[in-house]
Structure formats: structure tokens, C-alpha cells
Amino acid sequence: MKLLKDKIIQDGKVLSKDVLKVDTFLNHQIDPPLMKAIGEEFAERFKDAGITKIVTIESSGIAPAMMAGLVLGVPAIFARKRKSLTLIDHLYTASVHSFTKDETNEISVSKDFVTCDDTVLIIDDFLANGQAVLGLLDIIEQASAKLAGVGIVIEKGFQPGGKMIRKQGIRVESLAIIASLEDGKVTFSEGAAVR
Ligand code: G4P
């Protein structure tokens, strides 16, 4: 997706060979027109998949998930990482380990919002080691819902998550795939290096 890649080149900061900072438009401040375009792109790619729900994880997955839900005309549900005052039982839960942050979160989704009648599209902001997606897959399986696929805003193709998920026969659509962050440069998998 050209608009997204241009934004990554323009605003993204390479913090190390593993980490890209995009908090001007995705992880802290959010760029609404870009999110709208991202939602439209996901909706276009999955328009024939019969999606009834979009599922993501708080917090940075919520903006792209909501925009895709708006275009597809379906609800967006975010798995919670922290216990909620009102969300206390009747939950599906899964463990998600973050290698980046070296912490494990228990994520939860109400049984009311994902059921065996649903066809789910998972959306997330980053795909790195794939642990967040695995946790959401676990919840979708517990709910006996059907999976349409996974939509990712930025995939770090040099980390193992994308390969691991695709190997399970799951459709993964990533709007920008980064091949490398070496030497302070963003290199997309199908493009030239850009500083
Ligand atoms: P995984 O889910 O693919 O296994 O990823 P990992 O454990 O490596 O990532 C944990 C958190 O760090 C996730 O956010 C993920 O989106 C984010 N992350 C991973 N790599 C990068 C990167 O290169 N740049 C940025 N900006 N974020 C990255 P989170 O903890 O769920 O945070 P949030 O959704 O609350 O913002």
C-alpha cells in the first residue's frame, strides 16, 4: 500500500535493527485519513470473505480495526490486556507473550461478542513474532468461529511471525512488509532501501 509505505518512509524512525517507531501516525498519535485508507484497503482485500466480526488487541490495533469495520459494516472487538471492571466472567482468555517487552499478558474477549456463527478477520498494527495473532487465533478457536484471515498494517518480514502463521494455511494480508531495518534504513520486501 503506497500511501502507508510513503508515510513510513516520511515519518518512521528506525530505533534499532529490530524496531521501527511509528508513533506519529499509528502507535500514539493517530492519522485518521491514513487509518481510513487502511480500513478501505483491508475491506477491499477481504470483501468476499463473508466477515461478520473484526477482532484485534488493544491498544494500537483498535484504530485500523475500527476503520475496517466501518467500511465492511461489521463490529470491531478488541481483546483486553487488563482486567476490566465490568468484563469479569463469561470470557475467552489466552496468554500472549511479548518477546519485545519480555512480558506475558492474559488477553480476554467476552463470549457474547464472538460466537460459532461468526466469520472473523483478525487485524493488528504490527506482526513481529506472531504471538498476538496466536493468542487471537486461540480465542477464535475456543469460540468455534470461522477465520477469514489476518490483516496486518506493518509486518516485519525478517521476524518469524508471518511465516509461522502462513505455514498454518492462514491467509495473511500485510499492507507493508519490511525486509530489513539494517543500517538505519527501512527496506520494504518488494522495494529499494530508503533512509
Ligand atoms: P508479536 O505479537 O508479533 O509476537 O510481537 P512482539 O511480541 O514482538 O510485540 C509486542 C508489542 O510490540 C506489540 O504491541 C507490537 O505491536 C509491538 N511491536 C513489535 N515490533 C514493533 C516495532 O518494530 N515497532 C513498534 N512501534 N511496535 C512494535 P503492544 O505491546 O500490543 O502495544 P500496543 O498495541 O498497546 O501499542
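**Exercise 1.** Leaving aside neighbours within four places in sequence, which residues is Leu20 in contact with? Work it out on this predicted model, then decide whether Leu20 is buried or exposed.

*Solution.*
- Start with the address: Leu20 sits in strand β2, which covers residues 20–21.
- Now list the partners. Beyond those sequence neighbours, Leu20 is in contact with Ile8, Gly12, Lys13, Val14, Phe126, Ile154, Ile178, Leu181 and Val186.
- Finish with accessibility. Buried means under 20% relative accessible area; Leu20 comes in at 5%, so it counts as buried.

**Exercise 2.** Find which residues UniProt lists for "binding site", and check where they turn up among the pockets.

*Solution.*
- The UniProt record, an unreviewed entry, gives Leu20, Asn27 and Lys156.
- From this set, Leu20, Asn27 and Lys156 are in the lining of the largest pocket.

**Exercise 3.** Place Lys156 in its strand and say what its side chain reaches.

*Solution.*
- Lys156 belongs to strand β8, residues 146–156.
- Its relative accessible area is 7%, so call Lys156 buried.
- Not counting residues up to four places away in sequence, Lys156 touches Asp18, Val19, Phe126, Leu127, Ala128 and Ile178.
- Look closer at Asp18: the Lys156 side chain reaches its backbone oxygen at 2.7 Å.

**Exercise 4.** Work out how far Asp124 is from the nearest side chain of opposite charge.

*Solution.*
- Asp124 is in strand β7, residues 119–127, and is buried.
- Its contacts, leaving aside neighbours within four places in sequence, include Thr56, Ile57 and Gly151.
- The nearest side chain of opposite charge is Lys81, 7.7 Å away. A salt bridge needs the charged atoms within 4 Å, and Asp124 has none.

Methods: Residues are numbered from 1 along each chain as its sequence is written. This is a predicted model: local features need pLDDT of at least 70, side-chain atom pairs count only at pLDDT 80 or more; totals for chains, interfaces and linings use all residues. Side-chain values use heavy atoms; hydrogens and water are left out. UniProt positions are given in the numbering used here, feature names are shortened, and annotations may be inferred rather than shown by experiment. On a 1 Å grid over the protein atoms alone, a cavity is a set of points where a 1.4 Å probe fits but cannot get out, and a pocket is an open set with protein on both sides within 12 Å along at least five of seven lines; lining residues have an atom within 4 Å of a point. Helices (H or I, at least four residues) and strands (E, at least two) are DSSP runs, numbered from the N terminus. Buried means under 20% relative accessible area, exposed over 50%, partly exposed in between (1.4 Å probe, protein chains only). Contact means heavy atoms within 4.5 Å. A polar contact is a pair of N or O atoms within 3.5 Å; within protein, one must be able to donate a hydrogen and the other to accept it, and residues adjacent in sequence count only if both atoms are side-chain atoms. Lys and Arg count as positive and Asp and Glu as negative; His and the chain ends are not counted.
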